[in-house]
Amino acid sequence: LLYATHLGVKMWNIETCKFIKLLGRLDIHERFIKVAVLEGSSKKNPKAGGNAAFRKEQDPTLFCTGMKRKRFYLITRREPEEIDPSKADKLKIGRDIFNEKPSNEELKAIAAPDNKLPKSCVLYTEYGEIHIKLFPKECPKTVENFTTHAKRKYYDGVIFHRIVKGFMVQTGDPEGDGTGGESIWGECFEDEFHPSLKHDRAFTVSMANCGPNTNGSQFFITTVPCAWLDNKHTVFGRVHKGMDIVQQLENIETDDNEHPLRQ
């Protein structure tokens, strides 16, 4: 008996009711859905006679499909053969052949002229410049969203709409009241937490959200360590110059709703 599980394809002996083996264990990141077996075929041995002229090839192949995958999988005792370009008359052993059609996202990534994300940026305020180091390697999607918005002038003229002295200053909302803003994809995107990026110091640049995986365009700069925000908000930058400008913003007078009285 063969059947697919989240660990791989299990094989049971239905006569003895004993588990035999687990197939496809090396591909545990896949979830097999449908399974079919191609039995070994008979081959003729010209040197033998009678019934011995035919022998059963002892290498059946398991055919599997995977959840949300455009490809199929063949599980066998043999490794697939690939032609070695340096030795056209010989074969070398390989493991995998990628033959599925690329997705639209993959095609766009290939066609993009430059996929390198910026590692720094400058926020220009009426008080002065705030220089920020970005972390594209640790949180690429967040940095892509932020820098693309900046290049498209999405943040031009946007105010720091929320100011909490002894905590942080927040901006990134075109509406100017904390209710607006969206990602470059038009919908919320997932959090990107990294063990090396914590709210363990002042002047940390982090994404604002209203719950898990609800990032849009708003972000904030802390003015004190905020460990309680770890693994709740994505840290994607650090201020390395212009800390005094952040402190000036922090000291702007606000109303009871933490909105600045001076726009």
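Visitor: Which residues of strand β14 point one way, and which the other way?

Guide: This is a predicted model, so take the answer in that spirit. In β14, residues 168–171, M168 and Q170 point one way, while V169 and T171 point the other way. Buried means under 20% relative accessible area, and M168, V169, Q170 and T171 are all buried.

Visitor: What does β14 pair with, and how many bridges join it to β16?

Guide: Look at both partners. Strand β13, residues 162–164, runs antiparallel to β14 and is joined to it by three bridges. With β16, β14 pairs over four bridges, again in the antiparallel sense.

Visitor: Which residues stand opposite V169?

Guide: Find V169 in β14, then look across: I163 stands opposite V169, and so does I221 in β16.

Visitor: What do β13 and β14 form, and how many residues lie between them?

Guide: They form a hairpin, with three residues between the two strands. Check G166 in the turn: its phi is positive, about 80°.

Visitor: Now a helix. Why do some residues point the same way?

Guide: An α-helix has 3.6 residues a turn, so residues three or four places apart point the same way. Here, α2 covers residues 140–151, and its 12 residues reach 16 Å from first C-alpha to last, close to the 16 Å expected.

Visitor: Which residues of α2 are buried, and what covers them?

Guide: The buried ones are T142, V143, N145, F146, T147, T148 and H149. Their cover includes β11, β12, β15, β16 and β17. Just after the helix, K153 takes a positive phi of about 65°.

Conventions:
Residues numbered from 1 in each chain as written. Predicted model: local features only at pLDDT ≥ 70, side-chain atom pairs only at ≥ 80, totals over all residues. Heavy atoms only, no water. Expected span 1.5 Å × (residues − 1). Buried < 20%, exposed > 50% of the residue type's maximum accessible area, 1.4 Å probe, protein only. Contact = heavy atoms within 4.5 Å. Pairing = 2+ DSSP bridges.
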